[in-house]
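Hi everyone, thanks for making time today. I'd like to walk you through a structure, so have a look at the screen and then we'll take it piece by piece.

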Amino acid sequence: MSIDVSSPTGAGTPRVVPPDEGPARSRLAAVMGDHPLAVLAAVLLALVILTGIVEPRFVSLNGLRNTLLLAAPLGIMAATQTVCMLTGGIDLSVAMSATAAAYVAGVLTPQGAPVAILGGLAVGLLVGLVNGLGVGVFKVNPLIMTLGMSAILVGLLTTFSQTILSGATRVAPFIATLGAGSFFGRTIPYNVVVWAVVALLVILALTRSGFGRTVYAIGDNPIASRLGGIRRWQVLIAVYMLAGLLAAIAGILLAGRSGSVDLQLAQNFLLPSVAAAVIGGTSIFGGYGGYGGTVFGALILGVLDSLLTFIDAGEAVRQVLYGSLVLGLAWLYARLTAAR
Amino acid sequence: MSSGTARSAPVAPRTGLDLGRAARRHTWTFGVWVLLAALVVWYTTLIPAFGAFEISSIIRSGLPVAFLAVGQAIIILSGGIDLSLGAMMVLVTVVAGRFMENLGNATGLVIAVAIIIGAMLLDGLIGLVISVSKVPDIVVTLATSFILGGLALVVLPGPGGGIPDVIRFLFTGSAAGIGLNPWPSLIVFVIPLAAMWYVMRRTRTGLRLYAIGSSSERSFLAGLNVRRSKVLSYAFGGAMAALAGLATSAITGGGDPRFSIGNIATLNSVAAAVLGGIALTGGVGSIMGAAAAGFALSLLSPILTSLQVDPNNAQVIQGVLIVLVVMLGGYWQTRRRST
């Protein structure tokens, strides 16, 4: 097992500064390394100012609302990646489970909004359960398991969208309000309220509950956590079910935002959801990070998206800038936390 | 790492080779080739006529996935993973489609070689960034998949371009991209595969790649230049992605910058590498297995079509199969290790 040795964030890493970096590291860098969230906040602020210079109208309640409207579903989807990555996994099926949940919610719309939402969430839980069984009990690599699950869902949805899910074109008014509406004179979108509640619960679950401790433990050191008596498979099933639930929430919000459901509903959110968690400083090897950083990551990506829209960047420029920012921030993060 | 000097089963025997022993040591690779053979045989019974056209079609349409699977396998064996390999392939198709259009055969060949070298340098640069930045491979290549995809759109905003006849002939056996002659595409696949197999299994370079894949810390402590090997593994992967891109262009006769093509190709390459017996933790497996798994994956969809399965259900079956094989494989490997 090379996990402990090679993991840069392993618990066993001694608190020594590598000799080649020691003297060169300034006090500022050390402070920043100790407070990664402050760095992210600074990046966010810089981006907001830059966007404000490009388009002064952005720095207004309306601009804020538009950015948040986009960042909220992304932030919730990135929560799935955060919890999965903390265990050393990843969930590449989020986009499709979100779409599946949106489809079911759409079909159940005639039964009323509560039934529709519960139905959608149930789909998310079911997908998560299967993922969790595969990863936790049958020990399939999470990358492969969720990749396969994504392919399965694409096929199922394509077939079902012509048969039993064909009525899913419209969503209930309540869901539409939840996904696209806002209150206080159209300033605060409702989906941000949902995001805030989800964020609070996820952060509490990760930092203040026994479940959260076990999530970090199995991601940090699988062997030690097993010796410590943690039943890895139970934790993994719970984590992937939570991931499915969160993806379903994001999917229902997205359906509400667009007012209808189709197969491409959440596709463009898959890679950004991973990117948001990575920018937020959650280690893809597990055991280090948290949802607080991911929230900043989602906000940064939301503002970046607004910026790219304002400068009227083409798809090509948009993608290159997007990739460069993700790479640059991840690099910065790795440097700052290298001697943690 | 089970054995750096071990040999792969389906390769020409050395003196005194015990085939049974080789099969035992490389059961997985061997099994994938048997699976591929079984799929081909099954396919022949499913379709009314099986002749030169079908053989050439199987090889031709399997080339992109197989090349990409081998490239991904080399990178995973060396302890990395490249989620931008498909985007690199797409970039190669558009560069080929745009810069080879209306060119003579000789110039076309020169440009093809230049593209392969360029892709090696570019992917090598990605490896260097990973090594210098110490950011995990999966994160860096996720970011570069956006960058490469964006560059592809810059080169060619929409599907188009043209490919010289000689390139189309080399990868598909006919200047029209479809034909009866399977030999050129077979040779164009076997030569790079054999070369990569030789490098991975018979040279110090390959041993170093397996070593850093097993444990880059221990390789470093043993005095290996980990960074150089890392860069090299990505450069090899880039070369394979370039070949996959050229093969795709040769089939379609142009370039296509759509992002989703690259994404699907990346996912298939990872799936094929895993099916081919490459452990995602690095250092275990053989590129031969990945090559066979690439062909087997590309054969699934014509088989399911000839079984008259709805293409959408075919996707479900493919997903279930990938998960099941990996599940059973993991179970079998843990059992074998414990006995």
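Let me begin with confidence, element by element. In chain B, helix α1 (residues 19–25) has the lowest mean pLDDT of the elements, at 70, while helix α11 (residues 226–252) of chain B has the highest, at 96. One stretch needs a word of caution: over residues 1–9 of chain B the pLDDT is below 50. That stretch still has 21 contacts in the model beyond near neighbours in sequence. As you'll have gathered, this is a predicted model. Taken as a whole, chain B has a mean pLDDT of 87, with 91% of its residues at 70 or more. The model's scores are ipTM 0.81 and pTM 0.83.

Now, what is chain B built from? How many helices and how many strands are there in chain B? The count is 14 helices and zero strands, so if you walk along from the N terminus you meet one α after another. The radius of gyration of chain B is 19 Å, close to the 20 Å that the globule rule gives for 339 residues, so chain B is as compact as a globular protein of that length. Its C-alpha trace spans about 55 × 50 × 40 Å along the principal axes.

What about the inside? Of the 339 residues in chain B, 53% are buried. Contacts reach across the sequence, too: if you take those in chain B with a separation of 6 or more, 78% are between residues 24 or more positions apart.

Let's zoom in on one helix of chain B, α7, which covers residues 165–172. Which of its residues are buried? They are B:Ile167, B:Arg168, B:Phe169, B:Phe171 and B:Thr172. Please note that an arginine, B:Arg168, is in that list. The buried residues of α7(B) pack against four helices of chain B: α3 (52–77), α5 (105–133), α8 (183–202) and α11. Just after α7(B) comes B:Gly173, with a positive phi of about 90°.

On to the partner. Chain A has 15 helices and two strands. Of its 340 residues, 53% count as buried. For contacts in chain A with a separation of 6 or more, 77% join residues 24 or more positions apart.

Here is a helix pair in chain A that I'd like you to find on the screen. Helix α8 (residues 173–180) and helix α12 (residues 232–258) of chain A have axes that come within 7 Å and cross at roughly 95°. That crossing makes α8(A) roughly perpendicular to α12(A). From α8(A), the contact uses A:Ile175, A:Ala176, A:Leu178, A:Gly179 and A:Ala180. From α12(A), the residues are A:Ile252, A:Leu253, A:Leu254, A:Ala255, A:Gly256 and A:Arg257. By class, that contact has eight nonpolar, two polar and one charged residues.

Finally, where do the two chains meet? In the model, 38 residues of chain B are in contact with 42 residues of chain A. On the chain B side, the elements giving two or more residues are α6 (137–155), α10 (216–221), α12 (259–275) and α14 (311–338). Of these, α6(B) gives the most, with 13 residues. The residues on this side of chain B divide into 23 nonpolar, 12 polar and three charged.

That's my tour. Thanks for listening, and I'm happy to go back to any part of it.

Methods. Residues are numbered from 1 along each chain as its sequence is written. Chains are lettered from A and ligands numbered from 1 in the order in which they are written. This is a predicted model: local features need pLDDT of at least 70, side-chain atom pairs count only at pLDDT 80 or more; totals for chains, interfaces and linings use all residues. Axes are lines fitted to C-alpha atoms, for helices over the stretch in contact, and angles run from 0 to 180 degrees between N-to-C directions. Angles under 35 degrees count as roughly parallel, over 145 as roughly antiparallel, 65 to 115 as roughly perpendicular and the rest as oblique. Two residues are in contact if their C-beta atoms, placed from the backbone, lie within 7 Å. Ala, Val, Leu, Ile, Met, Phe, Trp, Tyr, Cys and Pro count as nonpolar, Asp, Glu, Lys and Arg as charged, and the others, Gly among them, as polar. pLDDT is the predictor's confidence in each residue, from 0 to 100. The radius of gyration is taken over C-alpha atoms; the globule rule is 2.2 Å times the number of residues to the power 0.38. A residue is buried if 20 or more other C-beta atoms lie within 10 Å of its own, exposed if 12 or fewer, and partly exposed in between; C-beta atoms are placed from the backbone.
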